[in-house]
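The exercises below are to be worked with the sequence and the coordinates at hand. Each task is followed by a solution in steps.

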Amino acid sequence: MTKHNCFIPLILFIALFSSCSDSEEKSKDNLVFRYNEHANINTLDPAFSRTLQDNSINNQLFNGLVQTDSDLNIIPSIAKEWTVSDNGIVYTFLLRNDVFFHKHSLFGKDSTRLVVAKDFEYSLNRLRDKKVAAPGGWVLNQVKDFYAVNDSIFKIELKESFPPFIGLLAMKYCSVVPEEVVEHYGSEFRSNPIGTGPFKFKRWEENIKLVLRRNKNYFEKDSLGNSLPYLEAVSLTFLPDKQNEFLQFVLGNIDYVSGLDASYKDEILTSDGKLQQKYHSTVNMTRGPYLNTEYLGFYLDSETPEIQSELIRKAVNYGFDRAKMMLYLNNSVGNPAIGGFIPKGLQGHSESVGFSYQPKKAKALINQFIKESGIAKPEITLTTTSNYLNFCEYIQGELEKVGLKINVDVMPEASLRSARSNGKVDLFRSSWVADYLDAENYLSIFYSKNFAPKGSNYFHFKNETFDSLYKKAITITDIDERKHLYTSMDSIAMDSAIMIPLFYDEVIRFTKKNVSGLGINAINLLDLKRVKKQ
């Protein structure tokens, strides 16, 4: 695998073309937070907000009953308080009386109106509407009924006790939307959003630019009683190239970069993950745990014999050194995934579940496949996006040493997402970010009733023992008992080698020195309401 150092001309470019704007422009610029979303935005409709990039922008536009803080604790949002019945089935929410939708002419003379419990009834019914076909409908799988008691009280009744449920309500899927605006726009609500969030929609030129403006009527305050948000606007660009994104950051054209990419990782970080000395005066780096498992997934309904073979699937898992991969390809950011799919930090994670580096065992498994199948030169195709190409080429090279040929195809993010959901790729790169602090969120993608494209079981994995344990686990309130079931379920999936866990990621954010209040959280969700620019 050839390593390209393409950053030298970039730095020369920066040195030649960096310039200062006048003081008036700087003052105006200090009220606008600018960032790039290389993976693009698919929708501004929270019912369809299924990716991290969609969730991050919709988090600025919409609110739900509850939200998470930086430690992923569930805290009030539009619901100022709630109670749960002793049997864990009935949730009763008391709503605030000072939350208004963003202004729109459809609201009549006042151009806005108060959010009431009926709005949540409409919004959740929309998730269930088969004509809408929202991908977020699964969050209500455990719900029997919900209804507005009056304008300020909303009740949800579950089919049975489900301890993680309150965390599901913090997902953007469960955001409140106004019926009159959604019904007016129909599917075009995706590009004409009206919510209650700290920022309101201004304009969106798809693939070019998206602008949000401050919602002056936002209901949340800071600890001193000051109105949030502090910023006047948020501006997004959609440069697809991470290297160009980083260049814009260094030039001062954007304020924030999230994550590492092969094109600039050695430019900004040392091999042991420290900020390079030359950036100490201009850049802040923040790192923390990320409930995100990066993986390669097998589509088990593939007609390719190698993909159908558990021997080959296990050989790939044993055939490369994850620790070495993280050191040399990711500057020691993230932890090798040798403990199954559930990441470190969640109940149920166990080092005994996953795969270690055993090249001799990998070779033996491949030879066994050759003998049993009669296929002399086994071969598979791995599909990835360009920003993960270096990891895939590393695995390609390591597996070639033990007798397995891997072809690597590269697709744009949106194309791979569609192909993965529709079973068009045999082996695909993907990741899973927790939505709430319970491993059920991870294990749900192995449940047979969640087959893609309607659910997130992209593998089409079906195992009766797993399904039985899953249904049992979601009814148990004791976390220690649930933890043991989670470990057993993860073990079943790993024993079938339906995926190749690569690493448990870390949140790593780079901001300019004049940016404060951004912080981090373990699901890498962007929250801009407390951000300031000096």
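**Exercise 1: Nonpolar cores**

In the largest nonpolar core, which has 143 residues, Leu 65, Phe 93, Ile 156 and Phe 446 touch the most other members. Determine which helix gives this core its largest share, list the contacts of Leu 65 beyond its sequence neighbours, and name residues of the second, separate core.

*Solution.*

1. The model is a predicted one.
2. Helix H17, residues 479-495, provides the largest share of this core, namely 6 residues.
3. For Leu 65, set aside the neighbours within four places in sequence; the residues in contact are then Pro 76, Ser 77, Ile 78, Ala 79, Phe 93, Leu 95, Phe 120, Phe 154, Ile 156 and Leu 169.
4. Among these contacts of Leu 65 are Phe 93 and Ile 156, which also belong to the core residues that touch the most other members.
5. The second core is separate and has 15 residues, including Ile 254, Tyr 279, Val 283 and Ile 508.

**Exercise 2: Two helix residues**

Assign Ser 56 and Leu 329 to their helices, and decide whether Ser 56 and Leu 329 are buried or exposed.

*Solution.*

1. Ser 56 is part of helix H3, which covers residues 52-61.
2. The cut-off for a buried residue is under 20% relative accessible area. Ser 56 has a relative accessibility of 6% and therefore counts as buried.
3. Apart from residues up to four places away in sequence, Ser 56 touches Asn 524, Leu 525 and Leu 526.
4. Leu 329 belongs to helix H11, residues 322-329.
5. The relative accessibility of Leu 329 is 11%, so Leu 329 is buried as well.
6. Between Leu 329 and Tyr 394 there is a sequence separation of 65 residues, while the C-alpha to C-alpha distance is 8.8 Å.

**Exercise 3: The chain as a whole**

Count the secondary structure elements of the protein chain, judge its compactness from the radius of gyration, and describe its contacts and charges.

*Solution.*

1. The protein chain contains 17 helices and 19 strands.
2. Its radius of gyration is 24 Å, close to the 24 Å that the globule rule gives for 534 residues; the chain is therefore as compact as a globular protein of that length.
3. The C-alpha trace spans about 75 × 65 × 40 Å along its principal axes.
4. Of the 534 residues, 54% are buried.
5. Among contacts with a separation of 6 or more, 68% join residues 24 or more positions apart.
6. The exposed area is about 23300 Å², of which carbon and sulfur atoms supply 48%.
7. There are 63 positive and 64 negative side chains, and the centres of the two sets are 2 Å apart.

Terms used. Residues are numbered from 1 along each chain as its sequence is written. This is a predicted model: local features need pLDDT of at least 70, side-chain atom pairs count only at pLDDT 80 or more; totals for chains, interfaces and linings use all residues. Side-chain values use heavy atoms; hydrogens and water are left out. Helices (H or I, at least four residues) and strands (E, at least two) are DSSP runs, numbered from the N terminus. The radius of gyration is taken over C-alpha atoms; the globule rule is 2.2 Å times the number of residues to the power 0.38. Buried means under 20% relative accessible area, exposed over 50%, partly exposed in between (1.4 Å probe, protein chains only). Contact means heavy atoms within 4.5 Å. Accessible areas come from the Shrake-Rupley method with a 1.4 Å probe; for residues, only the protein chains shown count as cover. Lys and Arg count as positive and Asp and Glu as negative; His and the chain ends are not counted. The place of a charge is taken as NZ of Lys, CZ of Arg, CG of Asp or CD of Glu. A nonpolar core is a set of buried Ala, Val, Leu, Ile, Met, Phe, Trp, Tyr and Cys residues joined through side-chain atoms within 4.5 Å.
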